[in-house]
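Thanks for making time this morning; I would like to walk you through one structure, moving from the inside of one chain to the place where two chains meet. Please keep the structure open while I talk.

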Amino acid sequence: MSGSDLNTPGDGLGAATIVGVGLWTPRFASAAARAAGERSDEELKPVGLAFDRRNRRRVSGLGRAMGDAVEEAFVGAGLDPVTTPVIVGSAIGEASTMIGLLDSMWRTREEMSPAAFTVSVHNAASGMISISKKNVGFTTSLAADHDTPFAVLLEGAGLVAASGGPVVVVCADEASPRSLMAEGDTNWDMIAAAVALAPATGQDGSGLANLDLAPAADLPTIAPSEQDPLLTGNPQAGMLDLVDAIARGASGRLRLDRGKGRGYHVALQPLAGAGGSDRGAS
Amino acid sequence: MRPLAVTGYSLISALGRGREQHLAGLAAGRTGLGPSPVPIEFETAVGGLPFELPELGDELQPWSTRLSRMAAVLTADLAEPLARARERWRPERIGVILGTSTAGAETTEVAYREMVEHGTFPGGYDFHRQHTFGASLYVVRALAGVDGPSWMISTACTSSGKSFATAQRLIAAGVIDAAIVGGVDTLCSMTLQGFQSLQALDSGVCRPFSAERNGINIGEGGAFALVERDGDARVLLEAVGETSDAYHISAPHPEGAGARAAMTAALVQAGLEPGDVDHVNAHGTGTALNDIAEAKAIAAVLGREVPVVSTKAFTGHTLGAAAAIEFAFAALAVEEGWIPPALGVDPVDPEIEVSVRPEVQRGEFRRVVSNSFAFGGNNVSLIVGAP
């Protein structure tokens with residue numbers, strides 16, 4: 001999987017070309033809106049663009065945010081959602097839905113909702129994306145705390161290498177589940193960030209950037225642009241940083257865990273045709 | 001993709017701990033199901049572990065949950081092949097790719113109940129170290145002495161099956177040389193109440209493929225396997241097929257289309273013909289919809305004569321751990337030359353057009369397909385082969 005022709009040091013854990021990005025945060029409905037500086041004054045609600053009407057009604061807010069980011073990546077990369085696999089990463093998953101189930105058990109003592117139970121699984125969103133897109137191929141859902149961005153990228157790069165085709169990966173966590181956390185714990189807002197991966201190309205190839213996944217190393221990294229503690233506390237902040245770095249055309253190493261995981265990096269190099277204002281800012 | 005060497009596996013379920021206790025239970029046709037050890041207000045048989053779990057050592061106490069203690073037992077029972085693998089490959093070249101559906105939900109639901117009833121969480125409850133999916137990964141890496149990439153796959157009842165496929169890809173790509181794969185899940189009230197809300201639970205012991213089947217039982221347990229690029233294999237992981245139904249969040253495609261595609265994909269990856277398969281360990285939960293859809297799919301892909309068994313009546317449906325436990329049962333069939341009886345199957349449902357028999361069957365089982373299907377319409381078929 002290694003062998004992308006990068007100027008920055010890669011260590012061969014996995015390589016691919018990023019051909020599309022997607023994003024949802026409470027103030028930016030898309031990566032395009034964020035790149036254009038179109039910040040919403042009001043807190044946004046995710047729409048769930050990747051879902052058909054029936055599944056959009058069923059899916060949680062977390063799932064809808066994933067759906068918005070995934071759809072933007074699909075459309076931006078020009079990929080066929082009927083055949084392109086989707087990999088979902090979330091450190092905590094459907095926590096709000098689970099808390100609702102716990103409340104029905106211990107607080108309100110009501111019958112558990114079967115509909116809520118079926119969408120409490122970690123792969124609810126990935127399953128409903130496959131149903132909405134009529135995609136009968138591969139999908140998966142995984143978790144690795146603050147290393148989730150690295151894990152989805154490596155799983156994605158592995159699938160790209162095995163299949164020779166594109167993959168969309170999305171990382172998302174809903175706002176911190178305060179009712180389960182201790183006083184003084186860091187709180188965060190929801191983030192969903194996606195990238196579309198394709199087989200690695202040379203520097204003249206099409207796409208936005210080449211990436212090469214790398215293990216922990218004490219090396220300088222691209223400075224993340226996002227400083228809002230309500231976003232940087234989210235376990236998926238590293239994926240937001242990646243989408244930001246691609247939009248800026250940044251090159252160099254980017255640490256994917258905001259210092260809270262095992263230290264995995266991605267070596268990033270923008271491709272010739274990609275835009276951005278921050279080339280070489282490693 | 002080349003087959004991977006399975007150089008060891010560990011196993012816990014309602015039948016006990018380790019290979020010998022499972023062989024004894026399976027051969028005797030003895031169910032491990034019984035009364036629920038977690039609080040519920042309805043009748044159903046449940047597959048709880050029949051032994052006490054050892055506590056974690058002091059340094060891992062903050063991560064101590066039932067799930068992580070089960071994972072610790074499974075890691076300890078892999079100690080010998082792990083020691084050999086650490087010598088052969090570097091620790092950073094050994095990954096930990098596991099599956100679970102519940103993660104720390106059992107610990108959280110107990111803590112949440114105490115918070116609701118008494119206003120505070122119990123001392124020692126730590127959301128980050130106990131609830132999250134990554135918590136038991138930390139425990140396994142620490143106890144196994146490995147440092148490769150690690151994550152939890154959580155695709156409901158296919159979770160642990162998909163871990164085998166991820167390891168295959170990472171090894172094929174040269175990222176790692178070996179991996180601990182498999183999965184683990186615990187009983188919890190939330191899961192039992194959830195399946196009760198779906199009216200899916202059998203009040204007694206489940207009877208997959210029987211005309212008199214009446215639903216599923218839930219169990220807990222897990223299995224880990226050490227897969228390596230090559231080596232002294234007990235069995236081989238020959239192939240994995242992964243598909244989606246794209247049909248319904250919780251109901252299988254009525255014709256088993258996704259299951260059929262998963263088995264076909266596994267055969268293609270292994271370069272095998274349908275006649276090369278000697279046995280199927282079915283998903284076989286005991287619900288009317290699942291059993292009929294799966295039987296149709298098996299008949300269509302592998303024919304009607306291949307011996308089919310569901311082992312859910314021995315262990316209960318262990319959800320995210322089911323695929324790994326049934327991988328181990330498939331490995332036992334390959335190694336031992338017999339397959340367990342289909343408990344409670346008589347009278348077989350006339351709509352089930354595959355061979356499901358209530359007695360132990362002996363023979364040479366060189367290649368076994370193990371199926372797992374999940375909420376989300378997720379399907380996995382593993383092929384386990386003789387070395």
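B:Tyr9 stands opposite B:Ala225 in strand β8 of chain B, and I start there, in what I should say at once is a predicted model. The two strands concerned are β1(B), residues 4–13, and β8(B), and they pair in the antiparallel sense over seven bridges. On β8(B) there is a second antiparallel pairing, with strand β6 of chain B, residues 178–185, and here eight bridges join the two. If you want one pair of residues to find on your screen for that pairing, take B:Gly183, whose bridge partner in β8(B) is B:Ala223.

How many of the residues of β8(B) are buried? The strand runs over residues 221–228, and eight of its eight residues are buried, which leaves it mostly covered. Looking at the two faces separately, B:Gly221, B:Ala223, B:Ala225 and B:Val227 point one way from the strand, while B:Gly222, B:Phe224, B:Leu226 and B:Glu228 point the other way, and all of them are buried. Please note that B:Glu228 is on that list of buried residues.

Let me follow β1(B) in another direction, to strand β9 of chain B. Three bridges join β1(B) to β9(B), and the two run antiparallel; within that pairing B:Ala5 has B:Leu236 in β9(B) as its bridge partner. β9(B), residues 235–244, is largely enclosed by the rest of the structure, because 10 of its 10 residues are buried. β9(B) also pairs with strand β15 of chain B, residues 378–385, in the antiparallel sense and over eight bridges, and there B:Val240 stands opposite B:Leu382.

Stepping back to chain B as a whole, we have 12 helices and 15 strands, and of the 387 residues 68% count as buried. The C-alpha trace spans about 55 × 50 × 40 Å along its principal axes. A compact globule of 387 residues would have a radius of gyration near 21 Å, and the 19 Å of chain B agrees with that. Among the contacts in chain B with a separation of 6 or more, 81% are between residues 24 or more positions apart.

Now to the meeting of the two chains. In this model 50 residues of chain A are in contact with 49 residues of chain B. The elements of chain A that give two or more residues to that side are α4 (95–107), α5 (114–118), α6 (124–133), β3 (139–143) and α7 (148–163), and the largest share, seven residues, comes from α7(A). By class, the residues on this side of chain A divide into 30 nonpolar, 15 polar and five charged.

How do α7(A) and its partner helix in chain B pack, and at what angle? The partner is α7(B), residues 159–172, and the axes are 9 Å apart at an angle of about 70 degrees, which makes the two helices roughly perpendicular. In this packing A:Glu155, A:Gly158, A:Leu159 and A:Ala162 meet B:Thr166, B:Arg169, B:Leu170 and B:Ala172, a contact with four nonpolar, two polar and two charged residues.

A second helix pair is α4(A) with α8(B), residues 189–197, whose axes come within 11 Å and cross at roughly 90 degrees, so this pair is roughly perpendicular as well. Here A:Leu101, A:Leu102 and A:Met105 meet B:Ser189, B:Met190 and B:Gln193, and the contact has four nonpolar, two polar and no charged residues.

There is also strand pairing across the chains: β3(A) and strand β5 of chain B, residues 150–153, pair in the antiparallel sense over two bridges, with B:Met152 in β5(B) as the bridge partner of A:Ala143.

One last residue, in chain A. A:Pro85 lies in the loop between α3 (61–77) and β2 (86–89). Buried or exposed, then? A:Pro85 counts as buried because it has 24 C-beta neighbours inside 10 Å. Leaving aside neighbours within four places in sequence, A:Pro85 is in contact with A:Gly137, A:Phe138, A:Thr139, A:Leu159 and A:Val167, and A:Leu159 is a residue we have just met in the contact of α7(A) with α7(B). A:Pro85 and A:Thr140, finally, are 55 residues apart in sequence, yet their C-alpha atoms are 8.4 Å apart in space.

Key. Residues are numbered from 1 along each chain as its sequence is written. Chains are lettered from A and ligands numbered from 1 in the order in which they are written. This is a predicted model: local features need pLDDT of at least 70, side-chain atom pairs count only at pLDDT 80 or more; totals for chains, interfaces and linings use all residues. Two residues are in contact if their C-beta atoms, placed from the backbone, lie within 7 Å. Helices (H or I, at least four residues) and strands (E, at least two) are DSSP runs, numbered from the N terminus. Ala, Val, Leu, Ile, Met, Phe, Trp, Tyr, Cys and Pro count as nonpolar, Asp, Glu, Lys and Arg as charged, and the others, Gly among them, as polar. Two strands pair if DSSP finds at least two bridges between them. The radius of gyration is taken over C-alpha atoms; the globule rule is 2.2 Å times the number of residues to the power 0.38. A residue is buried if 20 or more other C-beta atoms lie within 10 Å of its own, exposed if 12 or fewer, and partly exposed in between; C-beta atoms are placed from the backbone. Axes are lines fitted to C-alpha atoms, for helices over the stretch in contact, and angles run from 0 to 180 degrees between N-to-C directions. Angles under 35 degrees count as roughly parallel, over 145 as roughly antiparallel, 65 to 115 as roughly perpendicular and the rest as oblique.
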